[in-house]
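Thanks for passing this one along. Here are a few friendly notes to read beside the structure.

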Amino acid sequence: MKLSTQSSTQELNVKMSKTDQPVPVLGGVHLHSIYNPDREAEGFISANEKNFKEESQVLIFGLGFGYHISKLEARLKALHGDEYRIFVIEPSKELYQRWKDLRPTSFSSRVKIVQFENVKDFFKDKELVEFLSDKPHVLPHPASFQLNESFYKSFMSFHYPTTIDESQFFVESEEYSKYLSQAPEGESTEEIFQRVKGKSFLQKHDFLTLALSEMVTEK
Amino acid sequence: MTKILIINLKKFGDIFQTSHLIASIKKKTPSAEVSLLCYGESYSAAKILKGLTTVHTIDRKKIISFFKNSIYSDGLAFNQIEKSLRTVLDTKFDKVINYSNDKTSSYLTSYLCSNPETKFEGIRFTEKQSISYSNEYSVIFNDVITSTPYTPYSFNDCQHLISDLSPAKADGVKSNKLHDQTALNNLNRLRKMKNEDISTTSIIGIQLLSGDESKDIPKEVLVRTIELIQASKEMIPILLIGPFPKERALANELNATFDSKLVSVEADFIALPSVLKSIDLVVTADTSIKHLCDIQDTACVEVSLGGAPLFKQGSNNTQSAIISAPAHMRNFKGSLGIGTKSDEYDINPNLVFHTARLLLGLSTEGFNFEDEKSIHCVYRPTKVLDGVVLMPISGPFNDAFEIRRLLCRSIVQKTLKGVLDENYITLIANRFEKAKVTKVINEEKEALSGVTKELLSTLRGLIQTQENNSKAPLFIAALEKLLSKCFDNSLSAIPAMMFRAKIESLNSNSMQENFKEVEGLLYELKDNLQHSIFTYSTIERVSQEAYTNKRKATSLDKQMDERV
């Protein structure tokens, strides 16, 4: 599924704020305050403060030029030491590139920016998926979210295809991946479970597949 | 060096129970390297077990999350399970013990035993999808214990028999010496507040909640029990709670009833062993704490309610006692009947208090507790040759049911080992009146002749079918009748269940081979019925001897009295 984002079709400009900091303007929408991006970011993080006391893993929707991310990182570090992680979802390639060129903000290695235009590609990013499975706190950057609302809604309600050929991408073991590649084309996970249950002679990886089938269905 | 992997995919209590098996393996083979494979959510219990080289985990929560949440590819679940087992597979274990014996663990056993040099104990699936049993005791574990109301062995005893191990004393769990000392100091301070001489004060830990509401001790019973303990001169109650909001809330609620005078101790599995070491007795429902008490040698009064699997997984520490509705009235599925928290059958707090006092040696009145309204009995774990049995001590239990329940073990013993533990038979004979034993044995002999009749019809049907295929329906009908004996309430259901398990796992390639195997199994069943007959004759004889000895003793007493 390729979802065209609002930002990908709109022109990106960069203006300077009163505090002399670059502010991206996408399709006429200012992604940060044109007066003082830092102060605005500070206020945004303070308004969400209560969420970070117990949550040290945060998923941010929208990179902008990263002022809010810098403030969030400083807050999380103060609250949790080095035990925090931030992932940033950004659908605009152009915005991401411009941020890299200008580097108006910088973060530690505990912050990861993930940029794709296609929703499915985000869910193919193993590091991001691993992070999401820990159920992080989701923090939409208001201006970015507003600009790409339909993209972020699609992100949250995405359905990954359940066919085995799509699954294979995630299987690191060559042996198990080879076993899965023998599934008939277009076979779904439910179908492979049923087919293996009906086999008259099981092989090593069939047992693993059946164990998985039991594990995900047991009460 | 032998490398052994135990697969236990159950929860905390079962993980603690594995400690007995680990200790027995280590006693038999001190150099063995024992590892455990469990779910990630049980790791907090597994990591405190002694004797383990490695604890491998499967992050089931993550696997389920990957699978159930549609934003993720199912491939992540496939990858996660394979990845979790990669190091296990690479370790090249010599033996895999399927401890939890459920479907998932059985598939995993098959997967991990794909190397022909890796042996297994328990059950696994064969390539043809039938069940493979490592020995006859694994048949008992999976097909008898789970089906009969009489439970010949607890899971722990049966697991030892599957692995051909003599039960060794569990080695306790890991605890921090500093925590041990702090807990002891704090609790001694508490003892001193009651009596200057701390040796005269016992601390009673009250575990508030189990993971299942139907098993919980009702709040009113807890309150009354705490009142009784508080009022006694020699006992102090403390509330034991885990780090969970629900337990904290109940502790606060109870404490409010007692003007905040109760001490409550919140501890996770790292700190709890230190607390248990320093208290004298624990009152608990069917919880993981009771298993921890068993391996730490802390006495407990287990209040077994709801679907708590009393005879499969009850306390096995001989210093403990279990309060339960009589065995014949228990509904182990926990949905209906006695054992649920109906007001009519609520536990009498005086019984809990009285039992605790007896276990602590604070009373010599004996376990006979007079309460006409109470239907609850006291059972006590008693050591026998091949493990621990729960002997009925007091209360309105049903003699016939209890005789059958206890005798069931002897039948399996004679069938599988060929010999009977006469001391155990004597224990039963001494516990029950001869007339009651005789009545049960007569009924059982009659039931056994019913099974024998069906067995002979089936054999006849099989022989006729082998000669003439058109007779097959006769054979099938006779076999069905024979298998229906598995649902009898008599002990003859036990050999029938063993027969059924083997029939169901037949794996032959041709009809002829199948007939041969069935014929073999029918003759094996015939032999097994003979073992039952032998067991009945033995208990009759021993019961008669016990009766004669008692009469002799009574008459001697009389003579002595007359002389005096």
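The points below cover the interface between the chains and then one residue of chain B.

1. A reminder to begin with: this is a predicted model. Please read each value below as computed from that model.

2. Let's start with the extent of the interface. On one side, 38 residues of chain B are in contact with 45 residues of chain A. The area buried between the two chains is about 3600 Å², and carbon and sulfur atoms give 66% of that area.

3. Next, the polar side of the pairing. Between chain B and chain A there are 3 salt bridges. One of them joins the side chains of B:Arg86 and A:Glu172, with an N to O distance of 3.7 Å. The rule also finds 14 residue pairs in polar contact across this interface, with both residues at pLDDT 80 or more.

4. Which elements of chain B give two or more residues to the side that touches chain A? They are α3 (60-68), α4 (74-91) and α5 (103-112). The largest share comes from α4(B), with 12 residues. By class, this side of chain B has 18 nonpolar, 10 polar and 10 charged residues.

5. Finally, a look at B:Ser105, found in helix α5 of chain B. Is B:Ser105 buried or exposed? B:Ser105 counts as buried because its relative accessible area is 0%, and the cut-off for buried is under 20%. Its side chain makes a polar contact of 2.7 Å with the side chain of B:Asn98. Leaving aside neighbours within four places in sequence, B:Ser105 is in contact with B:Ile7, B:Leu9, B:Asn98 and B:Ser100.

How values were computed. Residues are numbered from 1 along each chain as its sequence is written. Chains are lettered from A and ligands numbered from 1 in the order in which they are written. This is a predicted model: local features need pLDDT of at least 70, side-chain atom pairs count only at pLDDT 80 or more; totals for chains, interfaces and linings use all residues. Side-chain values use heavy atoms; hydrogens and water are left out. Contact means heavy atoms within 4.5 Å. Buried area is the accessible area (1.4 Å probe) that two parts lose on being put together, summed over both. A salt bridge is a side-chain nitrogen of Lys or Arg within 4 Å of a carboxyl oxygen of Asp or Glu. A polar contact is a pair of N or O atoms within 3.5 Å; within protein, one must be able to donate a hydrogen and the other to accept it, and residues adjacent in sequence count only if both atoms are side-chain atoms. Helices (H or I, at least four residues) and strands (E, at least two) are DSSP runs, numbered from the N terminus. Ala, Val, Leu, Ile, Met, Phe, Trp, Tyr, Cys and Pro count as nonpolar, Asp, Glu, Lys and Arg as charged, and the others, Gly among them, as polar. Buried means under 20% relative accessible area, exposed over 50%, partly exposed in between (1.4 Å probe, protein chains only).
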